[in-house]
Each structure stands twice: as structure tokens, then as C-alpha cells.
Amino acid sequence: MGVDSPSSSPVTITVSTSGGGGGHGIGLTSPIRRHSLSNNPNSPLSGRGLRASSGGKASSSNTTARYLSFSKDSTEEFVAYTVHIPPTPDNRIIAGSQNSPLDRSKSRGIPSAGFIKDTIFTGGHNSVTRAHVRKSSEEVELPNVKTKSNLVCEIEGCDEKALDRNSKMQCECGFRICRDCFFDCVENGAGRCPGCKEPYRGDVIDDEIQDEPRSQPRIRVGKNYSLVQSFKNPNHDFDHAQWLFETKGTYGYGNAVWPRDGYVSGMGTERHQNPPDFTDRRNKPLTRKVGISAAIISPYRLLMALRLAALACFLTWRVSHPNHEAMWLWIMSVVCEFWFALSWLLDQLPKLCPVKRVTDLSVLKQRFESSDPNLNNPKALSDLPGIDVFVSTADPDKEPPLVTANTILSILAVDYPMEKVACYLSDDGGSLVTFEALAEAASFSKSWVPFCRKHNIEPRNPDAYFSQKSDPLKNKVKIDFVRDRRRVKREYDEFKVRINALPESIRRRSDAYNAQAELRARKKQLELGDNLSEAVKVPKATWMSDGSHWPGTWTSAEEGHSKGDHEGIIQMMLMPPNSEPVFGTEADEDNLIDTAEVDIRLPMLVYVSREKRRGFEHNKKAGAMNALVRASAIMSNGPFILNLDCDHYIYNSLALREGMCFMLDRGGDRICYVQFPQRFEGIDPNDRYANHNTVFFDVSMRAFDGLQGPMYVGTGCIFRRIALYGFSPPRATEHHGWFGTKKIKTLLRRKSKAPKNQDDVETLLPILGDENADDEAAKALLSKQFGNSASLIDSIAIAEFGGRLLHELRGKGCLGRPAGSLAVLREPLDAAALAEAVSVVTCFYEDKTEWGKRVGWIYGSVTEDVVTGYRMHNRGWRSVYCITKRDAFRGTAPINLTDRLIQVLRWATGSVEIFFSRNNALFASPRMKFLQRVAYFNVGMYPFTSVFLLVYCLLPALSLFSGKFIVQSLNVTFLVFLLAITLTLCMLALLEIKWSGITLHDWWRNEQFWLIGGTSAHPSAVVQGLLKVIAGIDISFTLTSKSAAPDDEDDEFAELYEFRWTVLMVPPITIILINMIAIAVAVSRTLYSPFPEWSKLLGGVFFSIWVLSHLYPFAKGLMGRKGKIPTIVYLWSGLICIVLSLIALYLYPPSGEQRSFQFEFP
């Protein structure tokens, strides 16, 4: 099949069937480039300033309303208005809207939805874009929806009884039509049948018109004049009084009579009331900032000041009172204490202004999802902006496909307008297992999603829902819930079995096809008469279920089909839904549950695997996310983007609405992203290794929210698309002077001359409707930054418009959008759009562009998430931290000690890279607040604390071995300072627990793992970071394994007790053994000494016990389930302890005399 288009199109598609035999390729060229998500050329979303299509005419779609554009020039801004005039009896348009959507798509030359859905689009470097048809489908498979009866008129919007098939007015094609619609077609449709488009017979028209009285317009009894009916009969007179009476006067907000809610004609005389007060609705905020109680925050700040003063006095006293008996011990301790004081100050300063935020979802629904048609939204469609959801995975072995599939199902069932959601799965491994798992998830979603909507299921991850131990019948009132749940549970169990069997089934299928290919090669060799002793070279391919080669990664890793060398792949799993609800049918053999009153639409679902080739830098997760940004801009172009890891699913179906409350509220146009806290499942009840990380997510991140916003942590974050594109906010505040006390507010709608050192701050944002939008220089600059895809560049202005605030909520000097401007139909996808999407995920597309440098996710660090968020804050954007009453997202975390240490090592290495790069907060722009700079600076500096922490953990042991202490004697002054510092720290911790909501257990586990990570992973991160900076040695990390849901409760925490050796364990093991040996040596020496010094012994033992208590979870993890320490731990630890003990005995022999080192031979 082909699509007609000019031959000058730069995109070529080769369509081939996927049968076993060789198919015949047909050349295709790209149709007209798509500019907008709206199928209305007069919609505000397809406004001015967009690049015209190269080659081909623009296809015009039929509309049901008119748009009038006006403009007003002022000294402050250029304002563009688009007025939408809904259809009324005086404004009725006859067009091809009576045709079905499929007819309209065919009339424009767009391939059927079945072709797009059942076709894999591939392409890449030095290869043409190909469309592999998996199965032929001329007809679109429509969902199980309620269709019209054979006795009802087929005209869209008409429910009158159709004419008898034997009637003269019935067309030979069999198109069912009622009498009134027949006369409408005769008078206004050129006498042609709406079905076959052939003219009616002339004798029939003449006979029927003579018999029909035409003295007055026909008014159908018992049927109101709807918007659809107003499309008909535009030329004859109309009874406005009758129309107003039947519609209860709902022309618009300017009616003289405003009907009461629930008023029925003929019941009483009090038929009107005053119009509602819209001012109150507009002024209602979507969010509120709730400050911490003064009874808590004021003492908290006072204690911070007191502890800072105590630290200053203590350090001053320590410097002025050296220990002359052990100067080396005194110097090391003082240097470490100074560093710890600085580290505590940097960590504590950003916590001065913690805040809490709450949302009001009822106001969001009232403002953007009115159920009643109005002047701005005649069809009562959702006015919420679109959201593209990104899910990333890379290895099906370490990230089980079942976990990924459950995440996808939770996204498809989210409580957000279905037509506004598009889900993209990035498979960076190009695995057929992941591809077929996604196809299975798309199939199962047709049962799971309606079940969730019908019974309000939470959570909407099927594995999490069916695994929860709470009563599933709680708050369920529908009598068919038990039956529906039983059926869906059985279907999900079968779904799990199919997913788990995918690797084996793919292997068997591929072996069978490869064996057949080898037999055919042998047969061909025999026919050609070649030497049969020579081995036949047949590639061991991976085969899809339809008998064609998988274009991605093969198990045999052949050339062009390995993890780092394969084509780009895009497959539409679920097509974009209609804008209006589609209701299902009652339960039958094909439908598990009764969905007669349930909207069965599903969001758009796309599989994407970017191209990878040898010799190209692919930039790991950041590169994969940037590929999704470009592909989604062409396919759906949601103004907002939510990114999730494959193991983080939507736990609260309202999470997207919660995040959009911040983006769409007053001042939301300055917010670049909304970060949600990470919550984890499958962690042991004691949280041995602080996997919940609640101190960071509930204390630090909430404190950052009171500054310029929390940092981006890699998942569970809703982005503004144009902020990811590297554009500046509409307005920003610059902070100058000491500590940023001098503030200068600036408007950034126009490009200003920035200093050379701030070239990363400003970027001209293409404004939809801007008078300078056609500036060739601006377009050339965008092409240099974003690449040579005209569709991608054209989509930027559309995304900017979709993310604007409503006119009444916009800030001073900023552009807004009219209410109802996003309540438009989505433009259907075509082959050219998918071909263009494949071209932007190729490995060479980012060459000579700004992707990864200032556009999209930033490259150059293993913690690309922190750097990306830092760049946005550096341009003046703000971010928001959203803690919902019910957790928004939940995921998994490594509970094994080795995996946890490797995870912390990766984070710390990224921080060291940040410290030695231009992303260091010391070089931040004036648009970043002072305390926000301190927070980001601490992110890059905290791994270096591990060097001093290692030394300080060994000081107690060295003190016990030498019999000396860090001070001359334990006098009262030292003890008072120590007591004051300790008490203020404990009181600060208690107040943090109070205002953050964490527990004392969480705080203590965080303290313990701070020392465990600081003596194991962080020192290694410092070494690796220095090697990369100095010697250019790049460090690669393995992907963190994601555990699937356990089948047996006894093995739920099996990984917790599994021991896996890593060199990171050597430092903490050494510290534990040395301190234990030092305590034993010091106690025995003091007991047998003629002059025991108990004060020095107590001081050294106290600090040694402090170190050991922090390392207790680490020691417990070494013992495993049965309390047995592996042999390798004894070998390494014993060797290190013997060496260090011999050195200590040599330096401090029992006689107290230090001897010179001499070699003596026997």
C-alpha cells in the first residue's frame, strides 16, 4: 500500500510483508508534515509562525465551528486572540462530518489505523526507513462498542428510525437513512447518498418532494436541537424560541434567563436564577503553601544557631589547647573536626525554610473539565494539557519484563483524560522479550483498565493490587465486583505465565526457524553443486512470532543485531484514542466484565528502541531519554513529560492531576518540574541499609522546596517540555550582593544581550503567534540546537502554547491561552510522522547539535539527573516538591548489601564529577538563590567527607594502641563542649522528626548508613572521580538489578541475606576489626599497668564503641542468614589487621621504648 505525496520528500519508506518468503518492496514517500496535535487548521494550536510544509498541499479537515482571529498591538506585548464560535441554529455548517472517522482518514490519503498499529518502523545510519507490516489489515479493528441498531438512521448524531429497506428513498448501497435526513441530503447534499456518494434516482426525488409539504421547516417532535443537529438545514428559517425552549436557554453566558440546575420545563414558574459567580472560581488557587508551625521552626532555627556557636567555641578551644604528648594525633583530629563542622553547616543551611504544599483537585476539575458545554468548549472536552510518560529499561535480565509490564499497566489506567496521555517505553537493549512483553501488556490492558475504572481500584499495578494483604472488599459497593475480580485475577495469572515464558518460547521459536533456514541453505548448496563438506554460514537470528527477523538485538549478537549495534525501532502498540468516551458492552464470551457504563478507551502506547552503532557515544540513560523527547515531540508533543524507571509504577492514580495543579496554578509558568518523593516496596521491616532514604526525601527535599525547589532525582518527575529544551523561564529574579540580598526581577520574553559567561542562560523561545516567529535567523539557530528535523522544530511553539496558563492566571508581561483552547481533537498519526520519528532516534542525529549539552538530559555524568535539574535552576526556573497523601509512585530498591554499596558508589562518583565540572555551584548564575547554591555545592562536595571520616574512625584505635588521646586530659571544658554539641544535635534531630513526619528509627538508620557508605563507597568514588579528571579514565557501572515479585513469602527478603563479595567491603571490615583489637589491647594493658590511666581508656573506648555501633548493620550483613561469615572476609581482614598491629607494636612497644628499625639475618 502506498501514500501519494510529492517525490521531492526527503523521507523514503520501504514497505515489505513479514511472511516467510521474500516480500516485494514498495517505495513510499512521506506525506505532508504534521504541525499540530489539532485536526482543526483554524485552531489556536495550529496558529501562525509555523514552518510551511515542503512539498504537497495542506490537507484541510472539516470542522463543526468557525474561528475568527483578531490581534491587538500594544506597547507591552503583542496579543493574539482566537474566538471560537460554536455551532448554533444561525451558524450551521454542512461538511463531510457525517462520514465516519475512517472515511475521513481515507479521503485525506492517510493510511488506516490498522496499518499504523501493525507496522514496525525501523531505520538508522546508512539505511532507509522501513515499514515492516506484521499483518495485513485493510479494515480497522474497532473496540467492542455499542453500535447503532439496524433500524436507526446511520447519519452521525441522528437517532431517528430509518426508512424501510423496500422504500423508494432507500439507496441501493443499503445505507440506512431516516426520512428527514433524506430530504436534508436532497436539498443540501447535491442529491447524493451519504454512504456511497452516488446521486439518488431523479424520479424518486421528484415523487417524494411533491408529496412532502414544505410550507414550514420540519421540527421533530420530542427531540431537542443538539449541536450535531444544528449542522443540518442551514438555509431555511428557524424557530429560535423553540430552540431556546428545548435547550433551556443555553446559548452562552449572556442569556437573559439562566436556568436552575435540574429545572424541567413546565414545572413551576421560578425558572431562573442569577448567573454563577465566575470570579470566585477563577481566583480559587489550585495549590497552597503550608508553612511549618512557628512553635517548631523557631526553636529549630535557634538550635542551629546555638550549635554553630558551640562548634565555633569548641574548635577555638581545640586549636588553643594542643596535645604536646601526641601532636600527630591532635593535628589529625583537629583537621577532621574542622571539616565535619563545615560539612554540617553546608548540610544544615538549606534547611532553614522547609515548607509543605497541598493541592485542590476539585478546583482543577472545575476549571479544566467542566461537564457542561459552553462557549469556549462546545463539546465539553477536557482542557487539560497532554502528558507524555517515559519509561526506560535496558536489560530484560536485570530488569524483569513482568516488572516493566506492570508499570506500563499502571500508566494506562491512570486517572487522567485518555486522549491527553501517551506512554513511551524506551528499550535501550532492543530486546524481543521486552517488545513481546509490551504487546502482552497492551492486550491485557483491555481487561485491566476498564476493571480499574469501574471499581475504582488502587493501586492500579495488577501485581501490587493482587498481592496486598488488606481486604479487597473494603469500600466496594457494586455487586459484580467479586465476579469481576475473580475473572481479571485469573486472566492476570495467565498473563504472568505468558510473560515468564517469553524467553524460553522465543528461544524455541528462533531455534526452529534457524533450523529451517539452515536446511534451506543446505538444499541450495546441494542444488548449486558446491562442496558439501564446507560449513554453511547461516546467521543465528532471533525471530518474531510472525516469522520475520527481529530488527533489534539477537541472542547470537550478530553484526547489526547486538546490544550496541542495531537499528532504531518504533512500534505503535495502542493507537491514540478518540476525544469522546467510548462505552463497552455487557459481559460475554469476548468480554470478561460488564463495561456498558465504563469508558474503555486506552492511552496511546509506543515501543521505542533508539539506534545504536559502534563508534558512536550513546550516553546511557540520558541519551535514551533524549531520543524519547524527540520522538514524542513528533508523535504526541505533550507539553509536559513524566519520566519513570521501569520498576517505579503509579501507586496513586491521581498523581498526574496532583502534579498538574502546580503547573497550571498562578505562577506555574515558572515551574520547570514537579518532583515526587521516591517510595519503595520489598524492603525488610528493619530497613537495615536505610533503603527508604526518608531523611533525604522527607527532610532535605522538603527543605529545598522552600528555596528554589528540590533537585531532580531521576524518576517520578513531571517536566515542562520547553524547560527540557533549554529555554529560559518567562521571568526570573537575579540575586546580587552578599548572600543574594539584592534582587532584580527581569522579563525574559525577548532575547537580551547576556555576558559571555552566561551563554547557557538565555535562549529565544519561539512564541506561537509572535510577530518574529518567521525570522530566518531564529529558525537557523533552532536548527543548529535541535537538529535538522523541521517537524521537531515546528512542535516547539505548539508545546509552549499548550503549557501556558489561562489568560486570567498569567503573570505580568507573559502570554496566556484562552480557556478551551486545548479541548481539540488529536490529529491522527500517519506513516510520515512515524518515519520522521525514526529519523530522530538515529545515532547520528545529535551530531553538531546542542542535545546533551544544553538541550534535554545533560551528558557527561553518571548522575545526569542532578545535572539536568541544576541547569534548569541555573536559568532561573523553579521546581516544586509534591508529597501526596497517598504515595504517588512506588518502586523497588536493592536490599542486598553489595548492590546497595554499588548504587551509592555510582551516586557519589557522579557527585565528584559534578564538583570538578562547570556544573559546580560555585559557577552558578545570579538567577540561583544563595541557599540553593549551597545545597548544590554540598551535593558535589559530600563524597570528600569520606577521607576525613576514614581517618576519624581509625583515631580511637590509634589512641588505644598508643595510650594517648586527642586532648591532653579529659578536663571539664572538653566534656562540656562535647555534651553541648551532642545535645544540640539530638534536639535538632527530634525537631526534624517533628516537622518532617519521619521516625526516630529512620533517622538512626540514616546515621548508620552515612558512616557505612562514607567508609566504603564514598572513598572509592573520590578515587574514581580523580582518575577520570586527572588521567581521563572513564568508569563504567553495571545496571542495578530489579527484583521481581517473590512467589513465596519465605523468600521475600532472600537477597538481604545473600553475600556477594566486593572490594568496597575492605575498609569498613578493617575499621571494625582494628577497633575491636584496640579495645582488647587497651583494656588488658590498663588492667596490668602499675599506673593505669582510666580517663584515656574511657575516652578511646567511648569513641570506638561509637564507630562500632554505626557499623553494626554492616557487620550483621556479613554474617548472612545463618550467622556465618565467609572465609574471604577472614582472610582479608586478618591480613590487614596483622600488618597494622605489627606496625603499632613497633611504634609503641610494651616497654615504651621506640627502637630503630634493623634487619637481622640468622
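**Binding site**

I started with the UniProt record, an unreviewed entry, which puts a "binding site" at Ser 392, Lys 398, Glu 399, Asp 428 and Lys 620. I'm working from a predicted model here. I picked two of these residues, Ser 392 and Asp 428, to look up.

**Ser 392**

Where does Ser 392 lie? I found Ser 392 in strand β9, which covers residues 387-393. Buried or exposed? Its relative accessible area is 11%, and the cut-off for buried is under 20%, so I wrote Ser 392 down as buried. Leaving out residues up to four places away in sequence, I listed what Ser 392 touches: Ser 426, Lys 621, Met 625, Leu 644, Asp 645 and Cys 646.

**Asp 428**

Next I checked Asp 428, and that one sits in a loop, between β10 (421-427) and α11 (432-455). Asp 428 has a relative accessible area of 8%; that is under 20%, so Asp 428 counts as buried too. What does Asp 428 touch, again skipping residues up to four places away in sequence? I got Thr 393, Ala 394, Lys 563, His 566, Arg 610, Lys 612, Lys 620 and Ala 624. I ticked Lys 620, since UniProt lists Lys 620 in the "binding site" as well.

**Arg 688**

Then I moved on to Arg 688, in the loop between β16 (679-681) and α17 (694-705). Arg 688 is buried yet has no salt bridge. Which side chain of opposite charge is nearest to Arg 688? I found Asp 684, 5.1 Å away. A salt bridge needs the atoms within 4 Å, so Asp 684 doesn't make one with Arg 688. Beyond four places in sequence, Arg 688 touches Arg 1005, Leu 1056, Tyr 1057, Pro 1113, Lys 1116 and Gly 1117.

Methods: Residues numbered from 1 in each chain as written. Predicted model: local features only at pLDDT ≥ 70, side-chain atom pairs only at ≥ 80, totals over all residues. Heavy atoms only, no water. UniProt positions renumbered as here; feature names shortened; annotations may be inferred. Helix = DSSP H or I, 4+ residues; strand = E, 2+ residues; numbered from the N terminus. Buried < 20%, exposed > 50% of the residue type's maximum accessible area, 1.4 Å probe, protein only. Contact = heavy atoms within 4.5 Å. Lys, Arg positive; Asp, Glu negative; His and termini not counted.
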